[in-house]
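Got the viewer open and a cartoon on screen? Follow along stop by stop, selecting as you go.

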Amino acid sequence: MLTSDLPHTTCASAHRNALLVAHVAAVLFGLTGILGALIQADASVITYGRAAFAIVALGAVAQLQRRPLLRGLSWRKIGVLALTGALLTSHWVSFFIAVKVGGVAVATLGFASFPAFIALLDLAVFRERIGFGEACLLLMATAGLVLVVPSFDLADQGTLGLLWGLGSGLSFALLAIANRRATRGMDAMQVAFWQNLTVAVLVSPFALTHLAHHALLPADWVYLALLGIFCTGLAQYLFVKSLDALEARSAGMIIALEPVYAIACAWLLFGEQPSLRMLLGAALIIFATLLSARSKLSQSTVH
């Protein structure tokens, strides 16, 4: 009896551990905006620091695992990695601008619109039909964004922050589609390393110019290290690790809770108390994101 129950117990334990790991990854992803708000620097410096620390972490792991980062690279693959790295740059820079302008909650909710952008891009570019569920997703996400925006005035910081957040969501949607269609079959560690290296190269002129006039405080360097190592490298590793015992759909639904963790942390740390209208809008956006994650998981690169 004990022997026959052992495999079941082991599977149940592995499933619980995978759920815990996925939630830890979601919390780490949610802390991205928090750390971005804490760092006293512009978006280019934060993006550069995040990419630089992620490069060090990914390179160290690749070395320990003896996974060559140059093997199999062709000119076509280099071009794909450069393009996706540029999209990742756009996503990160616009997200951190959104954090600085509109706050963590608004920026995160704007970014959370990316599943709706994926559905629209699939329809417009690849002529893929949108089913009833995806149509509902688009309507819910749109209604949620209308509720979240404080006013339709470009002079309003919240409105500008949401627009930058939407830009972050759009660039991430383009990145997700590009990764899904162009990097398939490539080693995930290799893709992540070269994409982060592209990010660092692209933003370095702006970041180094800013650093020449505005030196970072020691605390800012610590936050950048946490952002690059834990909220990028470790979070991605944990998410992939959770897939050992979870279906992609289940893991995706947990990661879709990132805005919940981000808003809760911003409320606790910065006193960014959301209004009832924002909470209703957030509920619609998050529910739409959960529905999208349930239907399919269209991502291979982290926010």
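Start with helices α3 and α8: α3 passes α8 in a right-handed crossing. To set up the view, select residues 75–102 for α3 and look for the place where the two axes come within 8 Å, crossing at roughly 60°. This is a predicted model, so keep that in mind at every stop.

Now show side chains at that crossing. On the α3 side, pick L81, A82, T84, G85, A86, L88, T89, W92 and V93. Facing them from α8 are V191, W194, Q195, N196, T198, V199, L202 and V203. Colour this α3–α8 contact by residue class and you get 11 nonpolar, 6 polar and no charged residues.

Keep α8 (residues 188–213) on screen and add α2, residues 43–64. These two axes come within 7 Å and cross at roughly 145°. The crossing of α2 with α8 is left-handed. What classes of residue make up the contact of α2 with α8? There are 18 nonpolar and 6 polar residues, with no charged ones.

From α2, walk along the chain to R66, in the loop that links α2 to α3. Check its backbone: phi of R66 is near 55°, a positive value in a residue that isn't glycine. For context, most residues other than glycine have a negative phi. Is R66 buried or exposed? Its relative accessibility is 75%, so R66 counts as exposed, the cut-off being over 50%.

Next, zoom out and put the whole chain in cartoon. You'll count 12 helices and 0 strands. Read along the sequence, the pattern is α-α-α-α-α-α-α-α-α-α-α-α. Of the 303 residues, 46% count as buried. If you draw contacts between residues at least 6 apart in sequence, 87% of them join residues at least 24 apart.

Time to go inside. Select α4, residues 104–111. How many residues of α4 are buried? It's 8 of the 8, so this helix is largely enclosed by the rest of the structure. The residues to click through are V104, A105, V106, A107, T108, L109, G110 and F111.

Now for the nonpolar cores. The largest one holds 43 residues, and F96 and L227 are the members that touch the most others in it. Apart from that core lies another of 12 residues, including V106, L162, A282 and I285. V106 should still be highlighted from your α4 selection, where it appeared among the buried residues.

Centre on L227 and show what surrounds it. Leaving out residues up to four places away in sequence, L227 touches T32, L35, I39, I46, R50, F96 and T232.

From that list, hop to T32, which sits in helix α1 (residues 2–38). T32 has 0% relative accessibility, so it counts as buried. Turn on its side chain: a polar atom there lies 3.0 Å from the backbone oxygen of F29.

Which residue, 191 places away from T32 in sequence, is 9.9 Å away in space? Select Y223, and take that distance C-alpha to C-alpha. Y223 belongs to helix α9, residues 218–242. With a relative accessible area of 25%, Y223 is partly exposed, whereas T32 is buried.

Stay on Y223 and bring up its contacts. Not counting residues up to four places away in sequence, Y223 touches L35, L38 and I39. Its C-alpha is 7.5 Å from that of L38, although the two are 185 residues apart in sequence. L35 and I39 may look familiar, since L227 touches them too.

Last stop: A135, in helix α6 (residues 132–148). A135 is partly exposed, at 30% relative accessibility. Add L120 to the selection to finish: the C-alpha atoms of A135 and L120 are 9.6 Å apart, with the two positions 15 residues apart in sequence numbering.

Methods: Residues are numbered from 1 along each chain as its sequence is written. This is a predicted model: local features need pLDDT of at least 70, side-chain atom pairs count only at pLDDT 80 or more; totals for chains, interfaces and linings use all residues. Side-chain values use heavy atoms; hydrogens and water are left out. Helices (H or I, at least four residues) and strands (E, at least two) are DSSP runs, numbered from the N terminus. Buried means under 20% relative accessible area, exposed over 50%, partly exposed in between (1.4 Å probe, protein chains only). A polar contact is a pair of N or O atoms within 3.5 Å; within protein, one must be able to donate a hydrogen and the other to accept it, and residues adjacent in sequence count only if both atoms are side-chain atoms. A nonpolar core is a set of buried Ala, Val, Leu, Ile, Met, Phe, Trp, Tyr and Cys residues joined through side-chain atoms within 4.5 Å. Contact means heavy atoms within 4.5 Å. Axes are lines fitted to C-alpha atoms, for helices over the stretch in contact, and angles run from 0 to 180 degrees between N-to-C directions. A crossing is left-handed if the near helix is turned anticlockwise from the far one by less than a right angle, and right-handed if clockwise. Ala, Val, Leu, Ile, Met, Phe, Trp, Tyr, Cys and Pro count as nonpolar, Asp, Glu, Lys and Arg as charged, and the others, Gly among them, as polar.
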